[in-house]
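Biologist: Let's go through this one together, a bit at a time. Could you put it up on the screen?

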Amino acid sequence: MPIDQKKLTRTVETLPAFPESAQKIISLTAKVDCSPKQLVKVIEHDPVLTMRVLKLVNSAYFGLSREVTSVNHAVIYVGINTIKNLAISASMTGTLPHRNKAGLDTRNLWHHSLRVGVLARQLAEERGVAASLLVNHFVGGLLHDIGKLLIAHTFPDDYRALLTAMETAQTDPQTLETTMLGITHAEVGARVAEHWKLPLELQHCIRYHHCDEAEVLREHPITLAVSAANRLAHLSEDTRIAIYLPEVVRDWLGTEPEQLLTQLDDPESEFQKAVSFVDVQ
């Protein structure tokens, strides 16, 4: 039975506003002349974000010989790109519900989303996308599955039934969502992105990251990158699975997915940095 659309709309409308710190970081790093000093200033105006950045740099992952006590030193030790992406991650993941009664594993969901964000950014960089645009590729990957969180939180019984049906279903998950819920997680995620007033290209990539139509995927390059990254992420998480790549995605990648994963600049290391920082473990 389709979920209550009015209830869904009310839930979206009552979500907290998009984190101000994340807004500022995205806006700031879109500028070619963004300096580390400017980024540090934004982070230091958010005490919670400052604490999380310092927690990252002082974690066992980086294994530093002495404690880092300022964001400025954190940027020096791990680099502006790492701090930028992880600061955005922390701002966003704290805004959406982490717990649900539907049985959705939010830890796995956020880990997958982080992996897609890292891969989308790296794929875009590999394809020559301007450095100022890479942050939105990471954000698009990070947020592509947010619709799942909202549905599981708002309609736990319906989503639990969906998860059970997926275990034996012979059809793809998106078709099953449409049949059982009357809407897909991609459509719900796009509503959240619209509520947050995210750029149209981000709304588009969240809505169409499962789309196979070449014209739709080409409309915004971020959509193409996130679609490719999502499929590659599933492959890297379980090499036994067979992934379907639409022709437009395969052409954009320029090589076989298994080979491409070995060519990128250590995406697993970047993913582990993100996981160590975002409190979804």
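Biologist: How many disulfides does the structure hold?

Modeller: Keep in mind that this is a predicted model. A disulfide is a covalent bond between the sulfur atoms of two cysteines. To count as one here, a pair of cysteine sulfur atoms has to lie within 2.5 Å. Across the structure, the number of disulfides comes to zero.

Biologist: Take cysteine 205, then: how far away is the nearest cysteine sulfur?

Modeller: Cysteine 205 is in no disulfide. Its nearest cysteine sulfur belongs to cysteine 211, and the distance is 12 Å.

Biologist: Is cysteine 205 buried or exposed?

Modeller: Buried means under 20% relative accessible area. Cysteine 205 has a relative accessible area of 0%, so cysteine 205 is buried.

Biologist: And what about cysteine 34, buried or exposed?

Modeller: The cut-off is again under 20%. Cysteine 34 has 18% relative accessibility, so cysteine 34 counts as buried.

Biologist: On to empty space: how much of it lies in the largest cavity?

Modeller: Rolling a probe the size of a water molecule over the atoms shows where empty space is left. Searching the whole structure turns up one cavity of 30 Å³ or more. The space in the largest cavity is about 60 Å³.

Biologist: Which helix gives the largest share of the lining of that cavity?

Modeller: Residues lining the largest cavity include Asn81, Phe138 and Glu270. Helices H6 (80–93), H7 (106–126) and H18 (267–277) each supply at least two lining residues. With four residues, the largest share comes from H6.

Biologist: How many of the lining residues are charged?

Modeller: Among the residues lining the largest cavity are Arg121 and Lys273. The lining divides into four nonpolar residues, three polar ones and, for charged, three.

Conventions
Residues are numbered from 1 along each chain as its sequence is written. This is a predicted model: local features need pLDDT of at least 70, side-chain atom pairs count only at pLDDT 80 or more; totals for chains, interfaces and linings use all residues. Side-chain values use heavy atoms; hydrogens and water are left out. On a 1 Å grid over the protein atoms alone, a cavity is a set of points where a 1.4 Å probe fits but cannot get out, and a pocket is an open set with protein on both sides within 12 Å along at least five of seven lines; lining residues have an atom within 4 Å of a point. Grid points are joined across faces, edges and corners, and a volume is the space filled by probe spheres set on the points. Ala, Val, Leu, Ile, Met, Phe, Trp, Tyr, Cys and Pro count as nonpolar, Asp, Glu, Lys and Arg as charged, and the others, Gly among them, as polar. Buried means under 20% relative accessible area, exposed over 50%, partly exposed in between (1.4 Å probe, protein chains only).
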